[in-house]
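Me: I am new to this structure and would like a close look at a single part of it. Please take one helix and follow it to its surroundings.

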Amino acid sequence: MLLEKLRTARETVDLERPTSLDGWLAGDCNGLNFFRVDHALRQLLPLYMDADVLAHMTPHYDRLGAIAGSHLDDLARTADRHIPVLHTRNARGQDEDWIEFHPAYREMEAIAYHDFGIHCMSRRPGVLGWPDKVSPVVKYTFQYIFAQAEFGLLCPISATDTSAMLIERYGDEDTRQRFLPGMWSMDKADIVKGAQFMTEKTGGSDVGNIELSARHEDGNWRLYGEKWFCSCADGDVALLLARPEGAADGTAGLGLFALPRHLDDGSRNAYRIVRLKSKLGTKSMASGEIKFEGAVAYPLGQVGPGRNPGLKQMMDQVNMSRLSHGVRAAGKMRRCLNEALLVAGDRVAFGEHLVRKPLLRRQLMKLMVPTEQVLSMILFTAVHLDRAEKGDEASAKVLRILTPLLKFRSARHNIQVATGAMEVRGGNGYIEDWVNPRLVRDAQLGVLWEGTSNINALDVTTRAIARVGAHEALRDALSDELDKTDGLPGQFKGEMTATLERAVDFAGKVAAEGHEPLARKASDALYHATSAALMATEGAALGSQGGDARRLLLARMVIDHRLSPNDPLAFPRDDSPMIDALLSDQPVSLEAAAAMVAG
């Protein structure tokens with residue numbers, strides 16, 4: 001939304017026909033403050049965050065927004081070109097493999113870990129001057145802004161955050177004292193960065209096939225075997241699953257361990273980085289293959305024959321990683337949308353700016369609607385994470401289904417939005433001088449890490465719904481939001497409620513019948529119904545306060561284009577008034593929005 005404000009924020013944009021050859025080329029978002037230009041985020045935060053916290057954090061969001069749109073964006077481009085290099089031996093021929101990173105990557109680390117403490121702000125008090133641990137909404141807003149410039153580094157940031165969570169939750173006192181002070185530190189000299197080593201050749205999503213063995217030798221647990229895809233290969237402490245000697249086959253025999261890169265005496269632990277992965281995207285961050293040759297590891301909880309809750313413990317981290325992936329996708333989609341809006345406003349073709357072309361205006365909606373959907377989803381999910389962590393059982397059920405839903409749909413939407421933004425830029429969007437190729441490459445990752453689309457859709461139907469009944473808790477939470485929101489047009493509210501009921505009933509039936517081929521369809525329906533309900537309540541709430549009610553229009557579009565039957569050979573309803581309003585710089589009153597959604 002708010003194309004004009006994006007354009008004027010650049011100050012250098014010529015709104016008339018270009019007078020030089022260079023003027024014919026559209027610019028990009030580099031140089032903008034990514035927080036200030038994100039009017040949707042700024043409007044929504046008061047609905048999801050306490051006023052005193054928001055007042056304290058807003059200057060920090062603004063500071064990160066300025067850095068993300070300029071210096072961090074420049075560093076990310078440099079780090080993407082100068083990828084990590086593995087050195088397997090030192091000058092004396094000793095096997096002390098280490099990874100060389102470009103200084104640009106190290107500077108990005110300093111911004112994330114040292115300047116803002118994104119990795120630890122929800123684990124300890126005092127970060128950025130806030131006296132308590134921050135809520136998930138606060139933390140994920142920082143990640144969302146950061147992701148608009150750099151995607152890859154958010155993997156070790158999230159791994160550090162979630163690994164500390166598991167160590168604090170399941171480690172004994174010695175293990176907690178060994179790792180947590182460094183994982184909670186913002187001091188460059190003391191920070192202990194986390195990693196996750198999960199996948200093996202024998203199993204990616206099917207973790208029951210894991211073969212890495214753990215043996216209790218001389219009072220220590222030691223690991224033997226290999227891991228095939230190790231995220232953040234340079235991490236100071238990695239969490240991984242291994243099978244203790246004598247433990248059962250399958251997932252029941254897996255234990256969770258914390259693996260330090262260095263032992264207490266400063267020497268390297270007994271594992272080797274065999275090689276780094278040559279990846280399509282997230283090139284700045286090092287992923288590798290690792291061989292374990294008796295590496296010392298510390299169990300989290302009881303491990304051994306008959307007592308291995310490792311997979312259940314690790315799923316705590318996986319679920320938080322899935323949520324973080326949704327946040328990263330939301331940030332990248334916002335960057336893609338803003339890039340497309342700037343191109344549409346800058347570029348002149350066939351006698352006028354592209355944004356005036358009716359077909360392109362519809363194309364921009366295909367980027368805007370999913371971008372706004374996911375923003376509402378991450379904020380709502382973060383609120384329920386906060387409540388669940390405080391013991392709210394209903395919110396725990398809501399969170400259980402929202403997490404895979406968010407990961408499932410946001411990952412796929414990110415690819416579509418990144419590709420669509422590249423198309424809006426045209427041929428330059430395919431050239432590595434511009435940001436679009438990196439946005440497209442990085443977007444592909446979301447459908448792979450922490451479960452493919454199929455895995456997440458099945459998690460929704462076969463576990464969250466079939467085992468927990470989480471779809472009913474989600475319906476109740478959304479119905480409560482709809483009921484308590486003032487200003488929601490009555491007829492539209494009835495339609496929204498009926499659509500939500502149909503989506504929940506359909507997903508419940510798919511789960512009850514074990515109809516695996518419809519798992520993705522059911523997950524799609526729940527995601528779209530949830531996001532439409534959220535945007536409707538947000539739009540009505542903002543409009544009732546005298547603000548911008550345009551999110552009602554976005555909800556209308558989701559219902560019409562994602563949740564209603566459509567005849568492909570019939571003329572659809574005329575969306576042009578809503579498109580004009582969404583691309584306008586002017587806010588839409590609640591009365592005007594209500595008239596459009598009822599039309």
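What residue follows H16, and what is the sign of its phi?

Reply: The model is a predicted one. H16 is followed by Gly546, which has a positive phi, near 85 degrees.

The helix itself comes next. H16 has 26 residues, which at 1.5 Å a residue should span 38 Å. Its end C-alpha atoms are 38 Å apart, so the span agrees with the expected one. H16 is also mostly covered, with 21 of its 26 residues buried. Buried here means a relative accessible area under 20%.

H16 (519-544) in turn helps to cover another helix, H13. H13 runs over residues 453-465, 13 residues in total. From its first C-alpha to its last it reaches 17 Å, close to the 18 Å expected at 1.5 Å a residue. At Asp459, H13 bends by about 30 degrees. Asp459 is also one of the buried residues of H13. Among the others are Ser453 and Asn456, the run Ala457, Leu458, and further along Val460, Thr461, Ala464 and Ile465. Besides H16, what covers these buried residues includes helix H9 (310-346), helix H11 (393-425), helix H14 (470-484) and helix H15 (490-512).

H16 and H14 appear again around an open space. The second largest pocket has a volume of about 970 Å³. It is lined by 37 residues, and the closest to its centre are Tyr48, Ser135, Val137, Val383 and Asp386. H14 and H16 are among the elements that give two or more residues to this lining, together with helix H2 (39-48), helix H6 (136-147), helix H7 (154-170) and helix H10 (358-389). H10 gives the most, with seven residues.

A last point concerns the cysteines. The structure holds zero disulfides. Cys29 is in no disulfide, and the nearest cysteine sulfur, that of Cys336, is 9.7 Å away. Cys29 is buried, with a relative accessible area of 1%. For Cys232, the nearest cysteine sulfur is that of Cys155, 3.6 Å away, and Cys232 is in no disulfide either. The cut-off for a disulfide is a pair of cysteine sulfur atoms within 2.5 Å. Cys232 has 1% relative accessibility and so counts as buried.

Methods: Residues numbered from 1 in each chain as written. Predicted model: local features only at pLDDT ≥ 70, side-chain atom pairs only at ≥ 80, totals over all residues. Heavy atoms only, no water. Helix = DSSP H or I, 4+ residues; strand = E, 2+ residues; numbered from the N terminus. Expected span 1.5 Å × (residues − 1). Bend = angle between axes of the 7 residues up to and from the residue. Buried < 20%, exposed > 50% of the residue type's maximum accessible area, 1.4 Å probe, protein only. Contact = heavy atoms within 4.5 Å. 1 Å grid on protein atoms, 1.4 Å probe; cavity = no way out; pocket = protein on both sides within 12 Å on 5 of 7 lines; lining within 4 Å. Points joined across faces, edges and corners; volume = space filled by probe spheres on them.
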